[in-house]
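Welcome! Take a moment to look over the sequence and turn the structure around on your screen. Then we can walk through it together.

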Amino acid sequence: EEKMKLGARREKQRRRRERNSARYGEGYRKAFTCAFCKFRSTVQQEIEAHLQTPFHKETLEFIENKIPFGKGTADFLHAFMVNKCKRIAARKQLYHQDQSDTDQSLSQDVLTGVSSNDQMKKVVSVQCTLCGASIPFLYHSVQQHLKSSEHIHNRTHHDIQVRKASLSAANSMLNNPTVKAQFDLYLKGENPFQNSQEQEDQQEQQQSEELEQEPEHEKEEEGNEDENQAEDENQAEDENQAEDENQAEDENQAE
């Protein structure tokens, strides 16, 4: 019965990976993420910068003050995300050794058949996901959008939704027995991330199962665009965790 449940879960994750890869591209499930701030980037420097922002720090402090796990929760969750991003970076290095050649090939494919008479050219713009807007890559245009009432309203609403969702993500993570054991080691001053591969795989499997359960308040607001975006990011979080698990399984079979 347990094997059947595990098989069903992996099949569900496989279908989800295929759906999101078709919708967002292959890089979507290999992105760096912060599960608490709903931040996502395919660039390592950007996630490293995010982890040092006041917003990230304030979100973790908000979590520590709202959930019953006591002092040290914010520091542990931050250390957990830093360790997770390091593992993703190591995995991306293995997968994308020839990424520059691939990017150049894709760029050439996009422009195939375009001549000077077609009056088409490649341009750079700034995408605001909060407002669903494409902004010219000009300083005054970006500053004008930042100060617009629409952007200020959308950012305020987004920040509120992120804080609410962060509590659910943190509770699910810290109620996981393996993560809770890591938290206890962290509070004792030990490094909890020097686990064996087997323990790490078990942790990610359990986390994936926990995070697949959508909170009730999010189900009731399914039509809300910001909640749907948060759900998509949680799904991608599960996929990154499953990627490590499947890679470890392949290595064990090879041995």
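How far apart are R15 and E11 in helix α1? They are four residues apart, and since α1 covers residues 2-24, that places them about one helical turn from each other. A helix has 3.6 residues a turn, so residues three or four places apart point the same way. R15 and E11 form a salt bridge, with their closest N and O atoms 3.5 Å apart. Pairing of this kind can happen when charged atoms of opposite sign come close. R15 is partly exposed, at a relative accessible area of 43%, and E11 is partly exposed too, at 29%.

**The overall picture**

Please keep in mind that this is a predicted model. The chain holds 11 helices and four strands. Of its 255 residues, 37% are buried. Among contacts between residues at least 6 apart in sequence, 68% join residues at least 24 apart. The chain exposes about 15700 Å², and carbon and sulfur atoms supply 49% of that area.

**Salt bridges**

The whole structure has four salt bridges. Here are three, including the one you have just met.

| Pair | Closest N to O |
|---|---|
| R15 and E11 | 3.5 Å |
| E58 and R163 | 3.7 Å |
| D184 and K180 | 3.0 Å |

The salt bridge between E58 and R163 links distant parts of the chain: E58 sits in helix α3 (residues 54-66) and R163 in helix α7 (residues 149-174), 105 residues apart. E58 is partly exposed, with a relative accessible area of 41%.

D184 and K180 stay within one helix, α8 (residues 177-187), where they are four residues apart, about one turn. Both partners are partly exposed: D184 has a relative accessible area of 30%, and K180 has 30% as well.

**A closer look at helix α3**

Helix α3 has 13 residues and reaches 18 Å from its first C-alpha to its last, close to the 18 Å expected at 1.5 Å a residue. Which residues of α3 are buried? They are H56, T59, L60 and I63. Looking down the axis of α3, you would find these buried residues within an arc of 95°, so they line one face of the helix. On the face turned away from that buried side, you can find the exposed residues P54, K57 and N65.

**Aromatic rings**

To describe two aromatic rings, we give the distance of their centres and the angle of their planes. There are five aromatic pairs in the count. One of them joins F76 and F80 in a tilted arrangement, 6.1 Å centre to centre with 55° between the planes. F76 and F80 are four residues apart in helix α4 (residues 73-95), so about one helical turn separates them. Are these two buried or exposed? F76 is buried at 0% relative accessible area, and F80 counts as buried at 4%.

F76 also forms a stacked pair with F193, 6.2 Å centre to centre and 15° between the planes. F76 lies in helix α4 while F193 lies in the loop between α8 and α9 (197-211), so this pair ties together parts 117 residues apart in sequence. Both F76 and F193 are buried.

Which residues do ring pairs link into a cluster? They are F76, F80, F183, Y186 and F193. Try selecting those five on your screen.

Key: Residues are numbered from 1 along each chain as its sequence is written. This is a predicted model: local features need pLDDT of at least 70, side-chain atom pairs count only at pLDDT 80 or more; totals for chains, interfaces and linings use all residues. Side-chain values use heavy atoms; hydrogens and water are left out. Helices (H or I, at least four residues) and strands (E, at least two) are DSSP runs, numbered from the N terminus. Buried means under 20% relative accessible area, exposed over 50%, partly exposed in between (1.4 Å probe, protein chains only). Contact means heavy atoms within 4.5 Å. Accessible areas come from the Shrake-Rupley method with a 1.4 Å probe; for residues, only the protein chains shown count as cover. A salt bridge is a side-chain nitrogen of Lys or Arg within 4 Å of a carboxyl oxygen of Asp or Glu. The expected span of a helix is 1.5 Å times one less than its number of residues. The arc is that of the directions from the helix axis to the C-beta atoms. Rings of Phe, Tyr and Trp (its six-membered ring) pair if their centres lie within 6.5 Å; planes under 30 degrees apart count as stacked, over 60 as edge-to-face and the rest as tilted.
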